[in-house]
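Welcome! Take a look at the sequence and the structure below, and then we can walk through them together.

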Number of protein chains: 2
Amino acid sequence: MAHVPHLLVDGPWDWPQIALEEPVIHHLRRVLRRRDGDPVSYTDGRGMTGTGTLSDASLVRTGDEVVHVRGRTLTLAVAPPAAAARARFIVEKAAELGVAQLVWLHTRHAQGRPPNPSKAEQWSRGALEQSRGAWKMDVSGPVGWDLLPPPLLVATPDGEPWRRIESGLGPALTIAVGPEGGFDRQELPDHAGQVSLSTRVLRVETAAVVGAALALLPADLDSSPEMDS
Amino acid sequence: MAHVPHLLVDGPWDWPQIALEEPVIHHLRRVLRRRDGDPVSYTDGRGMTGTGTLSDASLVRTGDEVVHVRGRTLTLAVAPPAAAARARFIVEKAAELGVAQLVWLHTRHAQGRPPNPSKAEQWSRGALEQSRGAWKMDVSGPVGWDLLPPPLLVATPDGEPWRRIESGLGPALTIAVGPEGGFDRQELPDHAGQVSLSTRVLRVETAAVVGAALALLPADLDSSPEMDS
């Protein structure tokens, strides 16, 4: 069974055909060797997905579209790591796992600087397509603690075990992660909970991926994929 | 509070002092600027940890040592990704999270080759020290399906949701992940269960990290860190 390419195409879609940009066409035709009539799936990155076929330089919408409801709206707040490759990794993995927004967090022990915003947007879009998602992750910041949406959980090695708190979590959540040397206790907001994600001391990029995976793990009865592969 | 360096020093330790190798001494004294009498923690990578102090070219064992019982013995079987950086990432993150052994899996749609074994060992040792663990991850393979220890769970997008099966899992487990194009259904052993780790289609390195994090998440009542940070 051939893999069906999944495309992020900004909406709104007003016509039965959606024009595709030149690099997308090039990728579909030259790299993936797709032809007119071959199936593609697509999303607006805002919850809607559909299936269609390739035709000339556009895709033809052939079926009903679906609006996917998020399981949980997760904000991931991350102190940028010093190594640029680790920052990119965080963007890609968070977007792949379905994080709603990634916010670079300004902390007292900050080490790195956030990556270029347009590059981060590009990594986020690529990860959405690759993971066949319906919701694009936004990347913003750096911001201070006061701009993080509550409720807020801060990942620390000596926080409450995830298992002990997970059942009390609601449909919206912010998890803060990093920096490499740990948060300064004094800087944490009074309302912040503290959570432990592992028996080990995790690097910032590992804590980010683990926190996102745990918070976005589908509940038993609501586990349909965003888009069939 | 200064960070206490955590050292992997192969046992058995027969004397009150443990000699340290030259690169370790160099790192402690030149990079971390530690002096005689400064505290260090150490592990044999086989479950035992202790605390001591730096003295000349050795560490002095100053307290009782502790043998840590594993929460779960996890074997992670991974089809090597084509990109070497992703293979290294898998080794480092699996070791950091406390995977017992990483086994490169030979699959029909295999893309990459396993990294050099001595490099993988080095990454595993580094991740153990950095994450302050007590158990070193072994890396081996490539092997076929028949050499994986049961019970075996294969990560696939259309498997049973993790939440539905996690309560039935025992103290030893193998999770198989990858390759990029998916497993060939025909190659999966009859006894293998299939599990879904996300609502998204995950890359091999992401599935490896998520699978390890979920399987090694401490239960509510058994969540003490392997070594205090």
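## Strands, domains and a partner chain

β10(A) and β12(A) run side by side as a parallel pair, joined over five bridges. Keep in mind that you are looking at a predicted model. In this region, A:Leu153 lies opposite A:Gly193 of β12(A).

Where does this pair belong? The strands β9-β8-β7-β11-β10-β12 of chain A, in that order, make up an open sheet of six strands with parallel pairing. At its edges are β9 (138-143) and β12 (193-196) of chain A; each has a single partner strand, so one side of each has no neighbour in the sheet. On average, neighbouring strands of this sheet are turned by 35° against each other, direction ignored. A helix joins the picture too: α5(A) packs on the sheet and touches β7 (73-78), β10 and β11 (172-177) of chain A. The direction of α5(A) makes about 170° with that of β7(A).

Now step back to the whole chain. The domain assignment splits chain A into domain 1 (6-67) and domain 2 (73-216). The centres of these two domains, taken over C-alpha atoms, are 31 Å apart. Nine residues of domain 1 of chain A and eight residues of domain 2 of chain A take part in the contact between them. On the domain 1 side, β1 (6-8) and β4 (48-55) of chain A are the elements that give two or more residues. β1(A) gives the most, with three residues.

Next comes the partner: 34 residues of chain A are in contact with 34 residues of chain B. On the side of chain A, the elements giving two or more residues are α2 (84-97), α3 (117-131), β10 (152-161), α4 (162-165) and α5 (204-216) of chain A. Which element gives the largest share of this side? It is α5(A), with five residues.

The table shows the classes of residues on two contact sides of chain A.

| Side | Nonpolar | Polar | Charged |
|---|---|---|---|
| Domain 1 of chain A, touching domain 2 of chain A | three residues | five residues | one residue |
| Chain A, touching chain B | 14 residues | eleven residues | nine residues |

How are the two chains arranged? A turn of 180° with a shift of 0.0 Å along the axis lays chain A on chain B with an RMSD of 0.0 Å. The two copies are therefore related as by a two-fold rotation axis. A:Val210 is the residue of chain A that comes closest to this axis, with its C-alpha at 3.2 Å. Finally, 100% of the interface residues of chain A are interface residues in chain B as well, so the copies meet through the same surface.

Conventions: Residues numbered from 1 in each chain as written. Chains lettered and ligands numbered in written order. Predicted model: local features only at pLDDT ≥ 70, side-chain atom pairs only at ≥ 80, totals over all residues. Domains from an automatic or database assignment. Contact = placed C-beta atoms within 7 Å. Helix = DSSP H or I, 4+ residues; strand = E, 2+ residues; numbered from the N terminus. Nonpolar A, V, L, I, M, F, W, Y, C, P; charged D, E, K, R; others polar. Least-squares fit on C-alpha atoms with pLDDT ≥ 70 in both. Pairing = 2+ DSSP bridges. Axes fitted to C-alpha atoms, helices over the stretch in contact; angles between N-to-C directions.
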